[in-house]
Amino acid sequence: MKYGIAVKLALLLAAVGICASAVTGAYSYGISRSLLVESSQQSLVAATQVLGRRVDTSLEEIARNLQVLASHPSVRRTLRQPDARLNAQLAELFELMMRANPAYFQIRLISAESFGLEQVRVDRLGPSFITVPEADLQEKGHFSYVSETLQLPSDTVYMSRITINHERGLYTGAERPSMQLAMPVHDGDGKALGVVVINLDVDGMFALLATDLPLDFRLFLANGQGDILIHPDHSKTFGFDRGRRVLLQDEFAATRKLVTGAVNQVVFQQPTSDGLLQPVVMAFVRQPLKLRSEEGQLYVGLAQPLSSVREGAQHLGLLIMISVLGFGLLGLLGTLFLARLVLRPLRQLIAAANLFGRGQEIGYLPLERQDEIGELARSFQQMQRQIGEQLGSLQASQEQLKQMAQYDALTELPNRRMLQDRLDLAIARAKRHGGCAAVLFIDLDNFKDINDGWGHDAGDAVLVAVAQRLRLSVRGTDTVARLGGDEFVVLLDGPDTERDSALIAGKLIDCLAPGIPFQGGTLRVAASIGISMFPQHGVTAQQLLMAADRAMYSVKANGRGGFGFALLQD
Ligand SMILES: Nc1nc2c(ncn2[C@@H]2O[C@H](COP(=O)(O)OP(=O)(O)OP(=O)(O)O)[C@@H](O)[C@H]2O)c(=O)[nH]1
């Protein structure tokens with residue numbers, strides 16, 4: 001029994017349990033994974049919305065800074081009457097403001113006179129700032145951020161489109177994505193004296209806005225027409241500047257309904273393509289701008305690698321797998337223990353059956369149980385009882401058969417076969433010890449007459465009585481046997497002389513003399529006895545019986561009712 005039922009049952013139950021928990025685990029993993037992905041997508045949308053609002057807020061903050069500068073008394077004064085000292089003060093103010101706002105490329109005060117001549121201009125130059133000398137100041141009246149701003153009412157902000165800045169003479173920001181925000185400066189009569197302009201580093205501003213986002217997030221920006229302005233792949237940005245527009249709705253088909261105005265936000269998964277190094281989840285929102293601007297609105301987008309979105313799900317999957325395996329192992333041990341417990345009475349039954357098979361005491365059986373095991377134990381006990389009874393009757397039959405094989409049924413004396421054995425034994429003993437043995441062959445005289453005269457029952461009664469008398473007349477160590485019919489043999493164990501045998505023969509003849517009572521009458525019987533002795537009349541059972549038989553016939557021939565010895569020549 002290599003693997004018992006307990007192990008097989010435990011393995012089966014554990015396999016079923018593990019399969020069930022694996023299916024449950026896989027199902028819950030699938031659901032949790034899609035929930036996690038969905039929740040990550042919602043979070044990404046929320047982060048994109050926050051970023052969009054930050055853009056708008058940042059632009060409003062720039063507008064407030066412009067308002068501060070445009071309403072500064074020195075600005076109005078120096079525009080009316082250019083003053084080098086005031087210009088220097090304003091340059092300091094511009095520099096201070098640029099220090100506080102790292103995304104400002106430059107701040108300028110431009111006069112409405114002299115074709116929009118720059119009056120004060122501070123440029124960022126690496127980590128420091130430069131106040132552009134008077135000789136390098138330029139006329140900017142032909143730029144729309146000057147001409148259009150001069151037309152605006154007080155405290156109104158002009159916001160240019162986001163473009164690549166091709167202006168000449170810039171210390172920083174040349175050929176970089178930028179936009180200009182400007183505000184007119186009016187005198188007391190409402191006449192426009194000039195404009196204050198902030199040149200904004202668009203990439204820098206978005207980099208600042210996105211500083212607290214995770215490192216693997218990627219930022220996207222498109223203008224109101226969908227032209228891509230910020231993209232990890234720079235070849236896709238400002239396509240219109242190179243004469244070939246690259247539109248958001250063409251790059252990411254899912255954003256079409258956003259650009260057409262059907263929805264305000266979209267979230268979708270994007271496979272590796274279009275400058276993206278790995279599959280991502282992308283969210284785009286439409287961000288209307290509060291400031292009056294040529295753009296009107298912007299499209300802000302964020303991309304998060306799908307792998308980081310799924311990271312949580314993978315962790316969850318690993319946890320589920322470990323749980324399934326761990327609990328499966330525990331389940332296996334538990335079921336193994338339970339199976340052994342359940343099968344213990346079965347093993348007791350097996351042990352009992354083995355003991356029974358070896359003929360030993362079977363010991364305890366779980367007879368008191370009310371379940372199938374108890375039923376089996378009771379059946380086993382009943383079977384054991386029946387087998388015991390059958391064995392008993394078999395033994396009795398065997399005994400009976402043995403009796404029939406060795407004894408005469410009528411007189412219960414040993415039969416011819418048993419006599420043969422006893423005679424062989426007596427001869428062997430006599431040979432070994434140098435002793436003697438005598439065979440007395442007895443045949444009743446005229447027995448036929450009793451049968452004929454009194455009936456067969458009377459004959460039987462005579463045979464039984466003769467047997468009894470013969471037995472009582474010899475020693476317990478001697479054998480009295482019936483050969484059949486009215487023939488008996490008495491085997492005398494170790495008479496020393498023929499005289500002893502003759503004495504016993506006479507005793508036997510005498511014991512038959514008294515009448516045998518039968519049905520109110522008396523039956524009389526006599527016998528003739530032939531005697532042979534070992535070793536003088538024969539050395540085998542056959543020889544001794546034949547010699548005694550012949551001696552008995554001699555007696556019969558000589559008138560019956562006596563005994564005679566076998567002849568030595570025999
Ligand atoms: N009742 C009875 N009779 C038996 C049994 N066996 C044999 N007999 C009878 O015993 C008689 C034996 O007769 P025999 O030995 O031939 O002759 P006998 O009448 O004894 O005469 P002798 O031997 O010459 O003295 C026969 O009639 C048998 O039928 C038995 O078991 N019961």
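P535 lies in the loop between β18 and α14. In this predicted model, a cis peptide bond joins P535 to F534, with omega at about 5°. Most peptide bonds are trans, and most residues other than glycine have a negative phi. Two further loop positions depart from the second of these tendencies. E175, placed in the loop between β5 (163-164) and β6 (177-186), has a phi near 60°, a positive value in a residue other than glycine. With a relative accessibility of 49%, E175 counts as partly exposed, because that class ends at 50% and anything over it is exposed. Q519 is found in the loop between β16 (516-518) and β17 (521-523). The phi of Q519 is likewise positive, near 50°, and this residue too is not a glycine. Q519 has a relative accessibility of 70% and therefore counts as exposed.

The chain as a whole was examined next. Its secondary structure comprises 14 helices and 19 strands. Of the 570 residues in the chain, 44% are buried. Among contacts in the chain with a separation of 6 or more, 61% are between residues 24 or more positions apart. The accessible surface of the chain amounts to about 29,900 Å², and carbon and sulfur atoms contribute 56% of this area.

Helix α10 spans residues 416-433 and contains 18 residues. The distance from its first C-alpha to its last is 25 Å, close to the 26 Å expected at 1.5 Å a residue. At the N-terminal end, α10 is capped by N415, a side-chain oxygen of which lies 3.2 Å from the backbone nitrogen of R417. At the other end, the helix is followed by G434, which has a positive phi near 70°. The buried residues of α10 are M418, L419, L423, A426, I427 and A430. Their cover includes two helices, α9 (372-406) and α14 (541-557), together with the strands β13, β14 (479-484), β15 (487-493) and β18 (527-534). Strand β18 and helix α14, both part of this cover, are also the elements that flank the loop holding P535.

The surroundings of the ligand were then considered. The ligand has 16 residues around it, of which N446, K448, N451, D460 and R482 come nearest. By class, this shell consists of eight charged, five polar and three nonpolar residues. Polar atoms of the protein approach the ligand at several points. A nitrogen atom of the ligand is 2.5 Å from an N or O atom in the side chain of N451. An oxygen atom of the ligand lies 2.8 Å from a polar backbone atom of N446, and an oxygen atom of the ligand is 3.3 Å from a polar backbone atom of L444. Taken alone, the ligand exposes 650 Å², of which the protein buries 67%. Two or more residues of the shell come from each of β13 (437-444), α11 (447-454) and α12 (456-473). Helix α12 provides the largest share, with four residues. Strand β13 thus has a place in two settings: it contributes to the shell around the ligand, and it is among the elements that cover the buried residues of α10.

Key. Residues numbered from 1 in each chain as written. Predicted model: local features only at pLDDT ≥ 70, side-chain atom pairs only at ≥ 80, totals over all residues. Heavy atoms only, no water. Near = heavy atom within 4 Å. Polar contact = N/O pair within 3.5 Å; in protein donor to acceptor, adjacent residues only side chain to side chain. Areas by Shrake-Rupley, 256 points an atom, 1.4 Å probe, with all protein chains shown as cover. Nonpolar A, V, L, I, M, F, W, Y, C, P; charged D, E, K, R; others polar. Expected span 1.5 Å × (residues − 1). Buried < 20%, exposed > 50% of the residue type's maximum accessible area, 1.4 Å probe, protein only. Contact = heavy atoms within 4.5 Å.
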